[in-house]
Amino acid sequence: MCSSDLFNNIHHIYIENENNKWISTDAGLALIKKTFFKPEFEKIPETFIISINQAPENKFYLTDGNEIYSIEEKQDQLFTSILPVKSIKGIQQVIAYGKAIVVSTIDSRLLFYKKNKKYKSIDLSRFGGSLFYILKDKEDNLWICQDYNKGILRITPEFEIIQYDEQNGLNSRIIVIRQNKNGDIYAGGISTNSYFYKYDSISDSFINLSQAVNTDTTRDIVVHDLCFDIKNNIWLGTNAGLFKFDNETFSHIKFGNNNLEVKAIACDTNNALWMGTDKGLFKYYDNKWYTFTKKNGLSASMVNYSSN
């Protein structure tokens, strides 16, 4: 089954391995195999997939905002199921949390489930609006990006709530936060001069690493997503295109003479970058660009913002 509209609007990219790339779109979910793109999920509707996140044991959780879907890979076959949890309104993210799952919602709730039963609920409405992004770090802290919150939240394993804002070095609203294999945490936000940060655990604050970048826009830089390659470079997907940070300086990577708004970005084991945009899916490898659209079997041409 392949809808002609599946890849019009790509929102998230998750790279499981060299053979499997997962794509969430306005029109459903697709798995990119090594030689072809193929949507093959009978139980998942061809609708807006908000997020997809990997869990242990070759499992993935995703949501369309109404249901929580589980995809499990066994012996090269994919098995899809809907988690039988009670109705949740406005689901934004679903992540694995040990043997449990954490669900964030549009009405500022953080819900904890184990064996499909809720055992904990945290109301974060006093800090802002929708909880649109969650990172679980290596120490089991939950980092929360929230609408109308000028900083970021951290929920400790003991469920203590910590707000980071200007007093902790953050001078912009945070859109995405990621952790590399060494445990370093980086955050991207919205600003011309404070769009990229690194977390310093010793001072429990953020350090502004932003630099002036020569772009064709006079607007604030919006970091939609970021990833790390095997050479420890950091790549930022922004409204002004693709940025590369080599831990000293930033460079702006153009797609020909044009800029692409990069909404989601991931790096595979071959050090190739995969980017979701409103123009389709792009691959950047060895200083060359490769384009994937409906003509290549994609069912939509626009990708959603960021992916865990």
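This passage looks at one pocket, one open sheet and two loop residues in a predicted model.

The pocket comes first. The second largest pocket in the model has a volume of about 350 Å³. Its lining is made up of 20 residues, and those closest to the centre are Lys 59, Tyr 61, Lys 99, Ala 100 and Ile 101. Strands do a good share of the work here: β6 (59–63), β7 (68–74), β8 (77–82), β10 (100–105) and β11 (109–114) each put at least two residues into the lining of this pocket. The top contributor is β8, which supplies three residues. Sorted by class, the lining of the second largest pocket is a mix, with nine nonpolar residues, six charged ones and five polar ones.

Further along the chain there is an open sheet. Four strands make up this sheet, laid out in the order β25-β26-β27-β28, and their pairing is antiparallel. At the edges sit β25 (262–267) and β28 (288–292), each of which pairs on one side only. Going from strand to neighbouring strand in this sheet, the average turn is 20 degrees, with direction ignored. Zooming in on one of the pairs, β25 and β26 (residues 273–277) run antiparallel and are joined by five bridges. Within that pairing, Ala 264 has Gly 276 of β26 as its bridge partner.

Two loop residues round off the picture, and backbone geometry is what brings them up. Asp 140 is not a glycine, yet it has a positive phi of about 70 degrees. This residue lies in the loop that links β13 (131–136) with β14 (142–146). Is Asp 140 buried, exposed or partly exposed? Its relative accessibility is 35%, so Asp 140 counts as partly exposed, given that this class covers the range between under 20% for buried and over 50% for exposed.

Asn 247 also shows up with a positive phi, in this case about 75 degrees, and Asn 247 is not a glycine either. Where does Asn 247 sit? Its place is in the loop between β23 (241–245) and β24 (250–253). With a relative accessible area of 40%, Asn 247 is likewise partly exposed, because the cut-offs put buried at under 20% and exposed at over 50%.

Terms used:
Residues numbered from 1 in each chain as written. Predicted model: local features only at pLDDT ≥ 70, side-chain atom pairs only at ≥ 80, totals over all residues. Heavy atoms only, no water. Buried < 20%, exposed > 50% of the residue type's maximum accessible area, 1.4 Å probe, protein only. 1 Å grid on protein atoms, 1.4 Å probe; cavity = no way out; pocket = protein on both sides within 12 Å on 5 of 7 lines; lining within 4 Å. Points joined across faces, edges and corners; volume = space filled by probe spheres on them. Nonpolar A, V, L, I, M, F, W, Y, C, P; charged D, E, K, R; others polar. Pairing = 2+ DSSP bridges. Axes fitted to C-alpha atoms, helices over the stretch in contact; angles between N-to-C directions.
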